[in-house]
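Biologist: I am new to this one and would like to understand the reasoning behind each label as we go. Could we look at it together?

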Amino acid sequence: IYVKEILFLLQYVRRLRGDFSVVRRLLQQLLKYPVKMQVGRYTWSDDIQDSQPYVEYRVIAPQLDNSTLNILCNNLIPLQEFINEWFIPFDTVCRIVVKDYSNNNTVKENLSLDYNTRLSK
């Protein structure tokens, strides 16, 4: 459903490809949630010379139950594929993830790993 809403942008892809902040604003408008962006380098090994550019978009969607979270994540798969194909340079690793940072470290029934809970050392 999200891809249909942004198909008209294909005519501007020459100007928009690689503009990560435009993609962040686009995601905010589409998803109606705040989106944070982190840009860096990604490597599959310890050798930094084998790294690639990396951008991660964190959709801040607080207090979703598991079924709503799954629906949102499933709807993001085709959107991420479309954005990767048309708006992200081919050598850049791009991820769109859904997060809830409102967890105040109390034990609740509705916890999902890597959404509102994370493992720590």
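**Labels and the values behind them**

Modeller: A search of the whole structure, which is a predicted model, finds zero disulfides.

Biologist: How do you know that there are zero disulfides in the whole structure?

Modeller: A disulfide here would need a pair of cysteine sulfur atoms within 2.5 Å, and the search of the whole structure finds zero such pairs. Two cysteines can still be described by their surroundings: Cys73 has a relative accessibility of 32%, while Cys94 has 6%.

Biologist: Why is Cys73 called partly exposed, and why is Cys94 called buried?

Modeller: Buried means under 20% relative accessible area, exposed means over 50%, and partly exposed is what lies in between. The 32% of Cys73 falls in between, so Cys73 counts as partly exposed, whereas the 6% of Cys94 is under 20%, so Cys94 counts as buried.

Biologist: Before going further, what is the overall layout of the protein chain?

Modeller: The protein chain has four helices and three strands, and from the N terminus on they run α-α-α-β-β-α-β. Of its 121 residues, 34% count as buried, and its accessible surface comes to about 8400 Å², of which 51% belongs to carbon and sulfur atoms. Among contacts with a separation of 6 or more, 62% are between residues 24 or more positions apart.

Biologist: How do the strands pair, and how many bridges join S2 to S3?

Modeller: Strands count as paired when there are at least two bridges between them. Seven bridges join S2 to S3, and these strands run parallel, so S2 and S3 count as paired. Eight bridges join S1 to S2, which run antiparallel, so S1 and S2 count as paired too. Within the S2 and S3 pairing, Val55 stands opposite Cys94 and Tyr57 stands opposite Ile96, while in the pairing of S1 with S2, Tyr42 stands opposite Gln52.

Biologist: What makes S3 largely enclosed by the rest of the structure?

Modeller: Six of the seven residues of S3 are buried, and therefore S3 is described as largely enclosed by the rest of the structure.

Biologist: Which residues touch the most other members of the largest nonpolar core?

Modeller: That core has 28 residues, and Leu27 and Tyr57 touch the most other members. Helix H1 (2-6), helix H2 (13-16), H3, S2, H4 and strand S3 (93-99) each supply at least two residues of this core. Leaving aside residues up to four places away in sequence, Leu27 touches Lys32, Val35, Tyr57, Leu79, Ile83 and Ile96.

Biologist: Lys32 appears among the contacts of Leu27, so what makes Lys32 exposed rather than buried?

Modeller: The relative accessible area of Lys32 is 66%, which is over 50%, so Lys32 counts as exposed. Lys32 is found in the loop between helix H3 (20-31) and strand S1 (35-42), and its phi is near 65 degrees, a positive value in a residue other than glycine.

Biologist: Where is Gln63 found, and why is Gln63 called exposed?

Modeller: Gln63 is found in the loop between strand S2 (52-60) and helix H4 (66-86). At 67% relative accessibility, Gln63 is over 50% and therefore counts as exposed. Its phi is near 55 degrees, again a positive value in a residue other than glycine.

Biologist: How do you know that the backbone nitrogen of Gln63 lies at polar-contact distance from the side chain of Asp100?

Modeller: The backbone nitrogen of Gln63 lies 3.1 Å from a polar atom of the side chain of Asp100, and the cut-off for a polar contact is within 3.5 Å, so the distance meets it. Asp100 itself lies in the segment after S3, and with a relative accessible area of 4%, which is under 20%, Asp100 is therefore buried.

Biologist: Why is Asp50 called partly exposed?

Modeller: Asp50 has a relative accessible area of 45%, which is between 20% and 50%, so the label is partly exposed. Asp50 is placed in the loop between S1 and S2 and, not counting residues up to four places away in sequence, touches Tyr42, Thr43, Trp44 and Ser45.

Key:
Residues are numbered from 1 along each chain as its sequence is written. This is a predicted model: local features need pLDDT of at least 70, side-chain atom pairs count only at pLDDT 80 or more; totals for chains, interfaces and linings use all residues. Side-chain values use heavy atoms; hydrogens and water are left out. Buried means under 20% relative accessible area, exposed over 50%, partly exposed in between (1.4 Å probe, protein chains only). A nonpolar core is a set of buried Ala, Val, Leu, Ile, Met, Phe, Trp, Tyr and Cys residues joined through side-chain atoms within 4.5 Å. Contact means heavy atoms within 4.5 Å. A polar contact is a pair of N or O atoms within 3.5 Å; within protein, one must be able to donate a hydrogen and the other to accept it, and residues adjacent in sequence count only if both atoms are side-chain atoms. Accessible areas come from the Shrake-Rupley method with a 1.4 Å probe; for residues, only the protein chains shown count as cover.
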